Amino acid sequence: MQFPEFDPVLFSIGPLDIRWYALAYVAGIVVGWWYAARLAKDNALWRPGGAPVSTVQLDDLILWITLGIILGGRFGFALFYQPSLYGNLFAGADWGERLALFRLWDGGMSFHGGLIGVSLAILWFAWRNKVRLLSLGDLVAPAVPIGLFFGRMANFINGELWGRETTVPWAVRFCNDRIYQMYGSCPAGNEPRHPSQLYEAGLEGLVLFAVLWFAVHRARLLAKPGYVTGVFLFGYGLARASLENVRQPDAGKLSELPLGLTMGMILSVPMMLIGAWLIWRAWSRPPVAADA
């Protein structure tokens, strides 16, 4: 299957291009915000306790989460995949090279970096507002797969983060006239590859969202702080580590790892361990009362 002639720019307003990738971030944050607000309003889900924040407080939290996503995602990408960007910041040949770290429009965002940024934002917000940290994480975690789904679909539209070569019937050749004109060649070559972006949209997005929805609305796990956060961390780590077997490793010196490992696998292992510990911790403790 030849890659469709998708245009990464949805429309332009003068010199300003409105890209699918940017809209994916906006849609993920807005829809996730709406879903988290619904969870915060539904006191029955948190019994015998209550939601960690009001919807007004949640509105404030979203700003810090957005900053965590953008800054953490970009700085994490540089740290995990292109550490030379930090070196160029101080020793670049010119200002364009020195400021490459901040050129978000050039692409290069890391989910694991964004996760660290969001975790720091939640930690700071919980400390500043004196709210339960793990319960705040439980409020945010079920909404994350929404953003993951939109983001991976945008990756597919952009023709980036493709999979490894394969002979499966649904393989995609990530090469077309638009990509060739943009790069002067097809970075993925003309070999059929796994559409790993769609695998990730399905597994990290739709399936993980369904698992967390069941944990929240059927198993009623929000009453035990950290349980839902643990399910998310373990579930995402497992899904990402598994799909790394069909996803082309990200470019960069730190991707050249022994034993067939990838940076995505290595970064997912701590997520699974922390997630398993949070699940065990929450499972072994009684629900938290409203005055806890």
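Helices and strands are DSSP runs (H or I over at least four residues for helices, E over at least two for strands), numbered from the N terminus. The structure is a predicted model, in which local features need pLDDT of at least 70 and side-chain atom pairs count only at pLDDT 80 or more, whereas totals for chains, interfaces and linings use all residues. Residues are numbered from 1 along each chain as its sequence is written, and side-chain values use heavy atoms, with hydrogens and water left out.

The loop between α7 (144–158) and α8 (177–183) contains L161. The phi angle of L161 is near 55°, a positive value in a residue other than glycine. L161 is partly exposed, at a relative accessible area of 26% (buried means under 20%, exposed over 50%, and partly exposed in between, with a 1.4 Å probe and protein chains only). A positive phi, of about 55°, is also found at R220, which is not a glycine. R220 belongs to the loop between α9 and α10 and is partly exposed, with a relative accessible area of 41%.

The two helices on either side of that loop pack against each other. Two packed helices are described by the angle between their axes and the distance between the axes. Axes are lines fitted to C-alpha atoms, for helices over the stretch in contact, and angles run from 0 to 180 degrees between N-to-C directions. For α9 (residues 196–217) and α10 (residues 227–243), the axes come within 10 Å and cross at roughly 160°. This angle makes α9 roughly antiparallel to α10 (under 35 degrees counts as roughly parallel, over 145 as roughly antiparallel, 65 to 115 as roughly perpendicular and the rest as oblique). The crossing of α9 and α10 is right-handed, that is, the near helix is turned clockwise from the far one by less than a right angle. Contact, defined as heavy atoms within 4.5 Å, is made by Y199, E200, L203, E204, L208, V211, L212 and V216 of α9 and by V228, V231, F232, G235, Y236, A239, R240 and L243 of α10. These residues divide into twelve nonpolar, one polar and three charged; Ala, Val, Leu, Ile, Met, Phe, Trp, Tyr, Cys and Pro count as nonpolar, Asp, Glu, Lys and Arg as charged, and the others, Gly among them, as polar.

Within helix α9, E204 is buried, with a relative accessible area of 0%. Residues touched by E204, not counting those up to four places away in sequence, are P145, L148, R152, Y199, Y236, A239, R240 and L243. The side chains of E204 and R152 make a polar contact at 3.4 Å (a pair of N or O atoms within 3.5 Å; within protein, one must be able to donate a hydrogen and the other to accept it, and residues adjacent in sequence count only if both atoms are side-chain atoms).

A second helix pair is formed by α1 and α2, whose axes come within 11 Å and cross at roughly 150°. The two helices are therefore roughly antiparallel to each other, and α1 passes α2 in a right-handed crossing. The residues in contact are Y25, I29, W33, A36, A37 and K41 of α1 and T55, L58, D59, I62, T66 and I69 of α2. By class, this contact has eight nonpolar, two polar and two charged residues. The loop between α1 (20–41) and α2 (55–80) holds P48, which is joined to R47 by a cis peptide bond with omega of about 10°.
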